[in-house]
Amino acid sequence: MIQDFLVEMSFSGTAKKQIGRKEIVKQLTNEIKWQAVINNNAEYDGAFYYAVKTTGIFCRPSCKSRVPSRKNVVFFHSPEEALKDGFRPCKRCRPDEPELSVELDKKAYEKITWILEEEYMSPDILPELPLRMGISAFHLQRSYKKHTGYTPRAYLQKVRIIKAKQLLLDNQRSNTEICFSIGFHSLSSFYAAFRAETGLSPGKFRNQTILNT
Ligand SMILES: [Zn+2]
């Protein structure tokens, strides 16, 4: 979560200046990259590559190969740089194969928005988005935010909390039922998201609104 936050920060800061992807990628610190490697975080695919000195192989951040020892890892901005330094592409994650298409058109943004609004109740809708759109998670997140002002994650949270409020006011279901029916993985993430959007806990929101009407 902290690394998401850091990337958010660097994205929002740079979007205004309209500088290129390369500049944004340069702002990823080695610590953020290393965390992405440990977590096989596909959101960073296309943003950087890592090579392992002991094996001579380089990978995408999402690669499920064994996590190497930190001291043997070097980072690259492109597969070309890694190849030039004598590393071979991993057979598993194929970092040498071209990125999925980078540019999205207006229709694609509408489609992403539509998917988030219609399928918010699916817990894994975010990781599925890049596959369905045929674009890397890194580019999807970055270009959607540039176009709409929201990351897909932030927009999805808004949609879910609007739905949560309706369900709370219906007063038919418990907080736990509501939480899982709108796609949250855990009660704690539901509570945190609800508080972030409304400043209240779900229970307080329900009581306060119902008492006042
Ligand atoms: Zn790999």
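A crossing of two helices is called right-handed if the near helix is turned clockwise from the far one by less than a right angle. In this predicted model, that word describes how α5 and α6 cross, and it serves as a starting point for a description of the chain and its helix packing.

**Overall make-up**

The chain holds 11 helices and 4 strands, and 28% of its 213 residues count as buried. Among the contacts between residues at least 6 apart in sequence, 60% join residues at least 24 apart.

**The largest nonpolar core**

The largest nonpolar core has 39 residues, and the members that touch the most others are Tyr49, Tyr50, Ala51, Ile57, Phe58 and Cys59. This core takes at least three residues from domain 1 (2–89) and at least three from domain 2 (99–213). Cysteine 59, one of the residues just named, touches Tyr49, Tyr50, Ser65, Cys90, Cys93 and Pro95 when residues up to four places away in sequence are not counted.

**Helix packing**

Three helix pairs are set side by side in the table, and the text below it follows them one by one.

| Helix pair | Angle between axes | Axis separation |
|---|---|---|
| α5 and α8 | about 40° | 9 Å |
| α5 and α6 | roughly 150° | within 11 Å |
| α8 and α10 | roughly 90° | within 10 Å |

Helix α5 (residues 106–118) packs against helix α8 (residues 152–170) at an angle of about 40°, and because of that angle α5 is oblique to α8. The crossing in which α5 passes α8 is right-handed. On the α5 side the residues that take part are Ile112, Leu116 and Glu117, and they meet Pro152, Tyr155, Leu156 and Val159 in α8.

The axes of α5 and α6 cross at roughly 150°, and these two helices are therefore roughly antiparallel to each other, since angles over 145 degrees count as such. Ala108, Ile112, Ile115 and Leu116 of α5 make the contact with Ile125, Leu129 and Met133 of α6. Ile112 and Leu116 thus appear in the contact of α5 with α6, and Ile112 and Leu116 also meet residues of α8.

The axes of α8 and α10 cross at roughly 90°, which makes α8 roughly perpendicular to α10. In this pair Gln157, Lys158, Arg160, Ile161 and Ala164 of α8 are in contact with Ala193, Phe194, Glu197 and Thr198 of α10.

**Two residues in their surroundings**

Arginine 132 is found in helix α6 (residues 125–133), and it counts as partly exposed because 13 C-beta neighbours lie inside 10 Å. Between arginine 132 and isoleucine 115 there are 17 places in sequence, and their C-alpha atoms are 10.0 Å apart in space. Isoleucine 115 is also among the residues through which α5 makes its contact with α6.

Phenylalanine 184 lies in the loop between α9 (175–181) and α10 (187–198). With 22 other C-beta atoms within 10 Å, phenylalanine 184 is buried, as 20 or more are needed for a residue to be classed that way. Apart from neighbours within four places in sequence, phenylalanine 184 is in contact with Arg160, Cys179, Ser189 and Phe190. Of these, arginine 160 lies 24 residues from phenylalanine 184 along the chain, with 8.5 Å between their C-alpha atoms. Arginine 160 also belongs to the set of α8 residues in contact with α10.

Methods:
Residues numbered from 1 in each chain as written. Predicted model: local features only at pLDDT ≥ 70, side-chain atom pairs only at ≥ 80, totals over all residues. Core = buried A, V, L, I, M, F, W, Y, C linked by C-beta atoms within 7 Å. Buried ≥ 20, exposed ≤ 12 C-beta atoms within 10 Å, placed from the backbone. Domains from an automatic or database assignment. Contact = placed C-beta atoms within 7 Å. Axes fitted to C-alpha atoms, helices over the stretch in contact; angles between N-to-C directions. Parallel < 35°, antiparallel > 145°, perpendicular 65-115°, else oblique.
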